[in-house]
Amino acid sequence: MGTNEKNLTGVERFFDDDEIIVSKTDLKGRITYANNIFLKLADFTEKDVLGQPHSIVRNPTMPRAVFKLLWDTVQTGKELFAYVVNRSKNGDHYWVIAHVTPSFDASGNITGYHSNRRVPDRRILDDTIIPLYTSLLREEQKYDNAKDGLAASHAMLFNLLKEKGVAYDEFVFSL
Ligand SMILES: Cc1cc2nc3c(=O)[nH]c(=O)nc-3n(C[C@H](O)[C@H](O)[C@H](O)COP(=O)(O)O)c2cc1C
């Protein structure tokens with residue numbers, strides 16, 4: 001975890017519209033597969049990431065409420081679309097729109113998780129996502145205790161969705 005924003009360079013990395021950043025994890029979120037685009041953007045070797053928690057690319061400016069929503073959704077067998085900013089090894093960052101899904105075995109048990117990420121729409125980032133995530137992060141940082149901060153920003157996110165009368169997915173698709 002850790003909120004080590006000092007290690008961020010402020011330099012944004014970009015990838016092409018026809019590229020897809022792919023990773024797979026086990027049930028605990030440890031990386032079991034990462035494609036070359038993933039490794040290129042995050043600046044890691046395959047050896048660096050395999051077996052590591054997916055938070056290896058976590059950017060400290062990402063609100064924890066979004067990851068709670070991600071895990072709450074996929075652990076109940078559902079898929080999720082979410083905007084995420086990740087951190088490269090050297091502290092650069094890159095924005096993605098991520099599709100995260102559970103993988104199932106023949107009996108319907110969840111065996112792991114899978115994520116495909118594409119280039120996000122810059123207007124949506126600038127108009128909605130960055131202001132929203134900034135507010136959520138600020139809410140989280142008001143509390144000394146991370147658990148209280150998460151509860152507060154999670155409530156903030158759900159109140160916003162309630163006001164709009166939409167579920168998170170509908171919100172993402174309405175942008
Ligand atoms: C399939 C899958 C893909 C994920 N992709 C990312 C990602 O690209 N970036 C990220 O920060 N967290 C990702 N996560 C969430 C991490 O597991 C973790 O919850 C998050 O980085 C927050 O870390 P923390 O709980 O240690 O603060 C992913 C989880 C799964 C299951």
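A pocket, as the word is used here, is an open set of grid points where a 1.4 Å probe fits, with protein on both sides within 12 Å along at least five of seven lines. Keep that idea in mind as you look at this predicted model, where the space taken by the ligand is the largest pocket.

Let's see what lies around that ligand. The elements that give two or more residues to its shell are helix α3, residues 64-75, and strand β5, residues 110-118. Strand β5 supplies the largest share, with 4 residues. In total, 15 residues surround the ligand, and the closest are Arg 58, Phe 67, Trp 71, Asn 86 and Arg 117. Sorted by character, the shell holds 7 nonpolar, 6 polar and 2 charged residues.

Now zoom in on the polar contacts. The side chain of Asn 86 has an N or O atom 2.7 Å from a nitrogen atom of the ligand. A polar side-chain atom of Arg 117 is 3.0 Å from a ligand nitrogen, and for His 54 the corresponding distance is 3.4 Å. How much of the ligand does the protein bury? Taken alone, the ligand exposes 610 Å², and 88% of that is buried by the protein.

Finally, turn to the aromatic rings, which form 4 pairs in this model. One pair joins Trp 71 and Tyr 113: their ring centres are 5.3 Å apart and their planes meet at 85 degrees, so the pair counts as edge-to-face, a label given to planes over 60 degrees apart. Trp 71 belongs to helix α3 and Tyr 113 to strand β5, so this pair links distant parts of the chain, 42 residues apart.

Note on methods: Residues are numbered from 1 along each chain as its sequence is written. This is a predicted model: local features need pLDDT of at least 70, side-chain atom pairs count only at pLDDT 80 or more; totals for chains, interfaces and linings use all residues. Side-chain values use heavy atoms; hydrogens and water are left out. A residue is near a molecule or strand if one of its heavy atoms lies within 4 Å of it. A polar contact is a pair of N or O atoms within 3.5 Å; within protein, one must be able to donate a hydrogen and the other to accept it, and residues adjacent in sequence count only if both atoms are side-chain atoms. Accessible areas come from the Shrake-Rupley method with a 1.4 Å probe; for residues, only the protein chains shown count as cover. On a 1 Å grid over the protein atoms alone, a cavity is a set of points where a 1.4 Å probe fits but cannot get out, and a pocket is an open set with protein on both sides within 12 Å along at least five of seven lines; lining residues have an atom within 4 Å of a point. A molecule sits in a cavity or pocket if more than half of its atoms lie within 2 Å of its grid points. Ala, Val, Leu, Ile, Met, Phe, Trp, Tyr, Cys and Pro count as nonpolar, Asp, Glu, Lys and Arg as charged, and the others, Gly among them, as polar. Rings of Phe, Tyr and Trp (its six-membered ring) pair if their centres lie within 6.5 Å; planes under 30 degrees apart count as stacked, over 60 as edge-to-face and the rest as tilted.
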